[in-house]
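Here are some friendly notes to read alongside the model. They begin with one of the ligand sites and then move on to the fold, a helix pair and a few loop residues.

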Amino acid sequence: MTSPAQADLVIVANRLPVDRVTAPDGSPAWRRSPGGLVTALEPVMRAEDGAWIGWPGSSDDDDFEPFVEDGLSLIPVPMSAQEVEEFYEGFSNGTLWPLYHDLVAKPEFHREWWESYVAVNQRFADKAAQVAADGATVWVQDYQLQLVPQMLRQQRPDLRIGFYLHIPFPPAELFSQLPWRRQILEGLLGADLIGFQLPGAAANFVRLVRSRVGHKTHRDTIYLPDGRPVKATAFPISIDTAGFEELARSEGVERRAKEIREALGDPRCIFLGVDRLDYTKGIYSRLRAFGELIRDGKLDLEDAVFVQVATPSRERVEQYRILRDDIERLVGGINGDHGRIGRPAISYLHTSHPREEMAALYRAADIMVVTPFRDGMNLVAKEYVACRFDNDGALVLSEFAGAAAELRQAWLVNPYDIDGMKAMLLEAFAADSKERGRRMRAMRKTVLQHDVAKWAEDFLRDLEAVPEHHDKSVRR
Ligand code: ADP
Ligand code: G6P
């Protein structure tokens, strides 16, 4: 294999921004990868001209050479079928994902999964060590790669290493269940700066480092015995706000939004849900709440339709299969009981769409319903706000999404409380345009000021500013 050019900025993420797929005619092709991490980082990397290390999403031992796709320099890391099962579906998404999301599902702990996690993290670290130029900045992303910072520092002490966790970081009471808790904490401490979505997550981490690893800490700083300080700080992530707004303003999107409305029978109100099909997103509860409002006659089919778009996700993990079946049964039941010919109560699409179609859906939707049980940030909520340049539309948002800390003017709900959610959906439905405008204007200000470029700039500036040494005595 030829060695790729050395880069001054290297992103290391489990996924590349594109996925290797097989086109309908059997030929190989690249498709945009799912999820918020890619949405957020892609515009950053476009502006920065660095290299992106990640898995191309295939599980067939393909070993691709580094390549340039749509202007991005991509360096694939291969995974065997067994690693996909044990590292990705297993430890990453069967252990860490539910554990870090408040045990919304039950995490499983398997020693073979952990071994695979260590091995795959080592492969990513080795690749980053090979690609990073002298003194480069390496920015490691998310829960799948928490051991990479330390593994990388061991090989390349010359690097500036940042880590960003896109999902919540749990309180000590939950994290402490993890049999490998100390290794994970020490893995992360290889970074100079560790970024979290919210200040509470950063505080959870610092507290755990103090109690479980025994390092001295003060506020957001951890003092390592070897004289190196580590900072743990919140950097709430965002989107390319201006890019989304521009897309939403385009003629094609406006036309498509009208078409969508007409195809739905021109109802007074379109409710919209857009998520990866994930049990943390609260899709089942929100559809149940809507179904009950129709059943109880609080909403009429002439007035209201719910469009739920769910991107297929992690389909070989059992919890995700169960969720898909449950949702399909619920949608079938609600439509069977209450729908009329040409007028289903819920329009359910189990597909992924291009960004233009997403923008058209956001433009068409009168009420956006985002109800996760727990979510690091939730970029869908911000995308909706970015697309509402008309200062209209209502956002119903879970208190347990990171975005709720910023989008205070949304109609906030507790997704565990179905009656409360029903009441809030009705309140948003009944709100007049003055009220909707007041709230949307305030939220738009927030999302326009804090876009993803600012997020990356803040993180990279703070990463650069972490001192190489501290002069604290580390005796406790
Ligand atoms: P997560 O990262 O957990 O999936 P986020 O809400 O933070 O959740 O980010 C989801 C991203 O995926 C958003 O950028 C959203 O536009 C995109 N997305 C979600 N559902 C779809 C879909 N059906 N088709 C295309 N993109 C989608
Ligand atoms: C979330 C995670 C990302 C992940 C994405 C899609 O946004 O924070 O790390 O890439 O979901 O999930 P997937 O398992 O398909 O990569």
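1. Let's begin with ligand 2. The residues of its shell divide into 3 nonpolar, 5 polar and 3 charged; here Ala, Val, Leu, Ile, Met, Phe, Trp, Tyr, Cys and Pro count as nonpolar, Asp, Glu, Lys and Arg as charged, and the others, Gly among them, as polar. The surrounding residues are N14, R15, P34, G35, G36, L37, D142, H166, I167, S313 and R314, where a residue is near a molecule if its C-beta atom, placed from the backbone, lies within 6 Å of it. Two elements, β1 (7–15) and α1 (36–48), give two or more residues to this shell.

2. A word on provenance. This is a predicted model, in which local features need pLDDT of at least 70 and side-chain atom pairs count only at pLDDT 80 or more, while totals for chains, interfaces and linings use all residues. Residues are numbered from 1 along each chain as its sequence is written, with chains lettered from A and ligands numbered from 1 in the order in which they are written.

3. Now the overall fold. The protein chain contains 16 helices and 18 strands, taken as DSSP runs numbered from the N terminus (H or I, at least four residues, for helices; E, at least two, for strands). Its C-alpha trace spans about 65 × 55 × 40 Å along the principal axes. The radius of gyration is 23 Å, in agreement with the value near 23 Å for a compact globule of 476 residues; the radius is taken over C-alpha atoms, and the globule rule is 2.2 Å times the number of residues to the power 0.38.

4. Burial and contacts come next. Of the 476 residues, 48% are buried, which requires 20 or more other C-beta atoms within 10 Å of a residue's own (exposed is 12 or fewer, partly exposed in between, with C-beta atoms placed from the backbone). Among contacts with a separation of 6 or more, 75% join residues 24 or more positions apart; a contact means C-beta atoms, placed from the backbone, within 7 Å.

5. Which residues come nearest to ligand 1? They are G36, T39, T311, L379 and V380, out of 17 around this ligand. The elements giving two or more residues to the shell are α1, β13 (269–276), β14 (304–311) and α13 (379–387). By class, the shell has 7 nonpolar, 7 polar and 3 charged residues.

6. One helix pair deserves a look. Helix α2 (residues 81–100) packs with helix α3 (residues 111–131) at about 105 degrees, the axes being 8 Å apart. Axes are lines fitted to C-alpha atoms over the stretch in contact, and angles run from 0 to 180 degrees between N-to-C directions. This makes α2 roughly perpendicular to α3, a label for angles of 65 to 115 degrees. On the α2 side are E83, E86, F87, G90, F91 and T95, meeting E112, W113, W114, S116, Y117 and V120 in α3.

7. Two residues stand out for their backbone angles. D142, in the loop between β7 (132–141) and α4 (148–155), has a positive phi of about 70 degrees although it is not a glycine. D142 counts as buried because it has 20 C-beta neighbours inside 10 Å. R219 has a positive phi near 50 degrees and sits in the loop between β10 (216–218) and β11 (221–223). With 11 such neighbours inside 10 Å, R219 counts as exposed.

8. Finally, E315 lies in the loop between β14 and α11 (318–338). E315 is exposed, with 10 C-beta neighbours inside 10 Å. Not counting residues up to four places away in sequence, E315 touches Y320 and R321.

Definitions and conventions. Two residues are in contact if their C-beta atoms, placed from the backbone, lie within 7 Å. Angles under 35 degrees count as roughly parallel, over 145 as roughly antiparallel, 65 to 115 as roughly perpendicular and the rest as oblique.
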